[in-house]
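The following exercises concern the fold, helix packing and residue exposure of a single chain. Please examine the sequence and the structure before reading the solutions.

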Amino acid sequence: MTTTETRPAGTPDAAGGAAGYRPGATLAIAAEWRRQASRRRTQLALGFMVLLPLVILVAFQFEGSGDDDNGGGEFGSLIELATTGGLNFTLFSLLVSSSFLLVVVVALFCGDTVASEASWGSLRYLLAVPVPRARLLTVKLVVALAYSLLALLLIAGTAMLAGTLRYGWEPLSSTVAAQIPAGEGLLRLLGILGYLAVVLLVVAGLAFLLSVTTDAALGAVGGAVLLWILSSILDQITALGVLRDFLPTHYSQAWLGLLSTPVQTDDIVKGAISAICYATVFWSLAFWRFTRKDVVS
């Protein structure tokens, strides 16, 4: 006759864990999503993504008849075309935000996620629930990346809606090709968004690595942004020669190839591979470091 053995609550099972304990259920992604959504920095960052295209739109209404020079350079004519349609306005909004603003926002979401817990003294309590360290990092990274993607979509979506309502649904203009039909232009803009999302994985990986190595959230966010700026400066030094190809920012503007006819994808492929490699290394180091460090805060 078989008997069913009852085990008191909290008694270790055969695997050494408490009865009913499931590591995969200790920290839900939905719970972390709601927790981050309630934070003021999340609300302000996402709100600014919506506000920026509207500010640019209002600024264009005050365009005077004085200095019409938009600065020239590689993007000068793109700025002049910003008011010729919703697609062009969206392209301009991505242009002015991709080199710095989006970098800061991604660094904020990914660099603040673990370091802020340490600075508040709540990280050790999360691990005492107990939440496995690898799961805690995975959940926080997934949520941080999701909010980063949401920020990118918000700025593009707001610019598209506001620009189309103000300037109409017109073909996408480009300085390196003839006008691109609106339907095809929309697909190319989606391709640009996808490439920017991949490139920003480098910032996400670097900020996340710094976030697990310091208790100062500002240090993690600022450090990632400063290192990205440093890489951009070094990329302008032609004396470095082929070494510039290995900088994480070297292919950050390769999305311009999507505006040419035919589309130039060589640098885009190289940039995507470079970004994924850098991000993978940074995330691997972050997991390796966090699973071995003493958490005292």
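Five exercises follow, each with a worked solution.

The structure is a predicted model, in which local features need pLDDT of at least 70 and side-chain atom pairs count only at pLDDT 80 or more, while totals for chains, interfaces and linings use all residues. Residues are numbered from 1 along each chain as its sequence is written, and side-chain values use heavy atoms, with hydrogens and water left out.

**Exercise 1. Describe the secondary structure and the overall burial of the chain.**

Step 1. The chain contains 10 helices and 0 strands; helices (H or I, at least four residues) and strands (E, at least two) are DSSP runs, numbered from the N terminus. In sequence order the pattern is α-α-α-α-α-α-α-α-α-α.

Step 2. Of the 297 residues, 43% are buried; buried means under 20% relative accessible area, exposed over 50%, and partly exposed in between (1.4 Å probe, protein chains only).

Step 3. Contact means heavy atoms within 4.5 Å. Among contacts between residues at least 6 apart in sequence, 78% join residues at least 24 apart.

**Exercise 2. Relate the annotated transmembrane regions to the model.**

Step 1. The unreviewed UniProt entry lists residues 44-62, 91-115, 136-165, 185-209, 216-234 and 268-288 under "transmembrane region". UniProt positions are given in the numbering used here, feature names are shortened, and annotations may be inferred rather than shown by experiment.

Step 2. Residues 44-62 are 95% helix and 0% strand, with end C-alpha atoms 26 Å apart. Residues 268-288 are 100% helix and 0% strand, and their end C-alpha atoms lie 30 Å apart.

**Exercise 3. Characterise the packing of helix 7 against helix 4 and helix 10.**

Step 1. Helix 4 (residues 86-98) and helix 7 (residues 133-167) pack at about 145°, with axes 7 Å apart. Axes are lines fitted to C-alpha atoms, for helices over the stretch in contact, and angles run from 0 to 180 degrees between N-to-C directions.

Step 2. The crossing of helix 4 and helix 7 is right-handed; a crossing is left-handed if the near helix is turned anticlockwise from the far one by less than a right angle, and right-handed if clockwise.

Step 3. Residues of helix 4 in this contact include Phe 89 and Leu 94, and those of helix 7 include Ile 155 and Met 160. The contact comprises 9 nonpolar, 6 polar and no charged residues. Here Ala, Val, Leu, Ile, Met, Phe, Trp, Tyr, Cys and Pro count as nonpolar, Asp, Glu, Lys and Arg as charged, and the others, Gly among them, as polar.

Step 4. Helix 7 and helix 10 (residues 266-290) also pack at about 145°, with axes 10 Å apart, in a right-handed crossing. Arg 133 and Leu 141 of helix 7 are among the residues involved, as are Trp 283 and Phe 287 of helix 10. This contact has 9 nonpolar, 1 polar and 1 charged residues.

**Exercise 4. How many disulfides are there, and are Cys 110 and Cys 277 buried or exposed?**

Step 1. A disulfide is taken as a pair of cysteine sulfur atoms within 2.5 Å. The search of the whole structure finds 0 disulfides.

Step 2. Cys 110 counts as buried because its relative accessibility is 0%. Cys 277 has 45% relative accessibility and therefore counts as partly exposed.

**Exercise 5. Locate Arg 34 and Ala 216, and classify their exposure.**

Step 1. Arg 34 lies in helix 1 (residues 29-37). Its relative accessibility is 56%, so Arg 34 counts as exposed. The C-alpha atoms of Arg 34 and Val 143 are 9.7 Å apart, with these positions 109 residues apart along the chain.

Step 2. Ala 216 is in the loop between helix 8 (182-211) and helix 9 (217-235). Ala 216 counts as partly exposed because its relative accessibility is 38%. Although 102 residues apart along the chain, Ala 216 and Val 114 have C-alpha atoms separated by 9.5 Å.
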